[in-house]
Amino acid sequence: LSLRIKEPSGQVVTGMRDAIEMRFTHGVDAFIGPTNNILAQHVGAFASAIQVPVVSWTADARALSDKGVYPFFARTTPYINDAGPALAALFGKFGWTHIIYLYESATGGQVFEATTPTGSIVYAPFLHDNVDSFRA
């Protein structure tokens with residue numbers, strides 16, 4: 001087993017160049033990462049086209065769940081909205097009514113919304129890729 005490491009710093013062009021080089025120059029059998037959602041979508045589409053698996057532990061964009069587009073992409077972290085019921089229960093248990101979730105994103109902020117077990121509405125500004133509102 002050999003491991004090659006590339007750091008594209010979240011840059012799509014650099015990341016795609018690295019993926020192409022790693023596959024066609026060095027013959028890698030799989031990609032681990034990328035950690036950035038936007039880069040993961042590009043590398044995931046490329047890898048699916050050439051049938052090379054991609055495993056990411058941080059990319060959580062909902063689009064990456066589409067096995068029609070990304071059949072060779074696997075992630076080990078859930079999409080953030082799937083955690084909604086558990087987060088709402090935690091907020092309710094501790095009586096939290098205002099929270100903020102900090103996340104690095106290239107696409108700007110969106111809103112997260114949940115109902116706690118006590119009926120309170122929790123709003124948090126999200127700095128996250130492709131987050132839909134949900135009710136827990």
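The questions and answers below concern a predicted model of a single chain.

Q: What pattern of helices and strands does the chain follow along the sequence?
A: In this predicted model, the secondary structure of the chain comes to 3 helices and 5 strands. Read along the sequence, these elements follow the pattern α-β-α-β-β-α-β-β.

Q: Which helix gives the most residues to the largest nonpolar core?
A: The largest nonpolar core has 17 residues, and those touching the most other members are Phe31, Val43, Val54, Leu64 and Phe73. Helices α1 (12–24) and α2 (37–49) each supply at least two residues of this core. The helix that gives the most, with 5 residues, is α2.

Q: Which residues is Val54 in contact with, leaving aside its neighbours within four places in sequence?
A: Val54 is one of the core residues that touch the most other members, a group that also includes Phe31, Val43 and Phe73. Those three residues appear again among the contacts of Val54 once its neighbours within four places in sequence are left aside. The full set is Phe31, Gly33, Pro34, Val43, Gly44, Ala47, Phe72, Phe73 and Ala74.

Q: Which two residues are joined by a cis peptide bond?
A: The bond has an omega of about 0 degrees, and its proline lies in the loop between β1 (31–32) and α2. Both of its residues are also in contact with Val54. The residues joined by this cis peptide bond are Gly33 and Pro34.

Q: Is Asn37 buried or exposed?
A: Asn37 has its place in helix α2, and its C-alpha atom is separated by 5.8 Å from that of Ala61, 24 residues apart along the chain. Because its relative accessible area is 2%, and the cut-off for this class is under 20%, Asn37 counts as buried.

Q: How many residues apart along the chain are Glu21 and Lys6, which form a salt bridge?
A: The closest N and O atoms of Glu21 and Lys6 are 3.6 Å apart. Glu21 is partly exposed at a relative accessible area of 27%, and Lys6 is likewise partly exposed at 38%. The pair links distant parts of the chain, with Glu21 in helix α1 and Lys6 in the segment before α1, and the two are apart by 15 residues.

Q: Which residue forms a salt bridge with Arg17?
A: The count of salt bridges in the model comes to 2. In the one that involves Arg17, the closest N and O atoms are 3.4 Å apart, and the acidic partner counts as buried at 6% relative accessibility. That partner is Asp18.

Q: Why does Val13 count as exposed?
A: Val13 has its place in helix α1, and its C-alpha atom is 9.5 Å from that of His42, a residue 29 positions away in sequence. Exposed residues are those over 50% relative accessible area, so Val13 falls in this class. The value for Val13 is 70%.

Q: What is phi of Gln51 near?
A: Gln51 is found in the loop between α2 and β2, where it counts as exposed at 58% relative accessibility. Its phi is a positive value in a residue other than glycine. That angle is near 60 degrees.

Q: Which residues make the nonpolar surface patch of about 300 Å²?
A: One member of the patch lies in the loop between β2 (54–56) and β3 (73–75), and this residue is Trp57. Trp57 is partly exposed, with a relative accessible area of 46%. The patch is made by Ile32, Val55 and Trp57.

Q: What share of the residues of the chain count as buried?
A: The accessible surface of the chain comes to about 7,900 Å², of which 58% belongs to carbon and sulfur atoms. Of the 136 residues of the chain, the share that count as buried is 34%.

Q: Over which residues does pLDDT stay under 50?
A: The chain averages a pLDDT of 75, and 69% of the residues score at least 70. One stretch under 50 has 38 contacts beyond four places in sequence, and another has 81 contacts in the model beyond near neighbours in sequence. Where pLDDT is low, the predicted coordinates should not be read in detail. These two stretches are residues 106–114 and residues 120–136.

Notes. Residues are numbered from 1 along each chain as its sequence is written. This is a predicted model: local features need pLDDT of at least 70, side-chain atom pairs count only at pLDDT 80 or more; totals for chains, interfaces and linings use all residues. Side-chain values use heavy atoms; hydrogens and water are left out. Patches are made of residues with over 30% relative accessible area and no salt bridge: like charges are joined within 9 Å, nonpolar side chains (Val, Leu, Ile, Met, Phe, Trp, Tyr) within 5 Å. Accessible areas come from the Shrake-Rupley method with a 1.4 Å probe; for residues, only the protein chains shown count as cover. A salt bridge is a side-chain nitrogen of Lys or Arg within 4 Å of a carboxyl oxygen of Asp or Glu. Helices (H or I, at least four residues) and strands (E, at least two) are DSSP runs, numbered from the N terminus. Buried means under 20% relative accessible area, exposed over 50%, partly exposed in between (1.4 Å probe, protein chains only). A nonpolar core is a set of buried Ala, Val, Leu, Ile, Met, Phe, Trp, Tyr and Cys residues joined through side-chain atoms within 4.5 Å. Contact means heavy atoms within 4.5 Å. pLDDT is the predictor's confidence in each residue, from 0 to 100.
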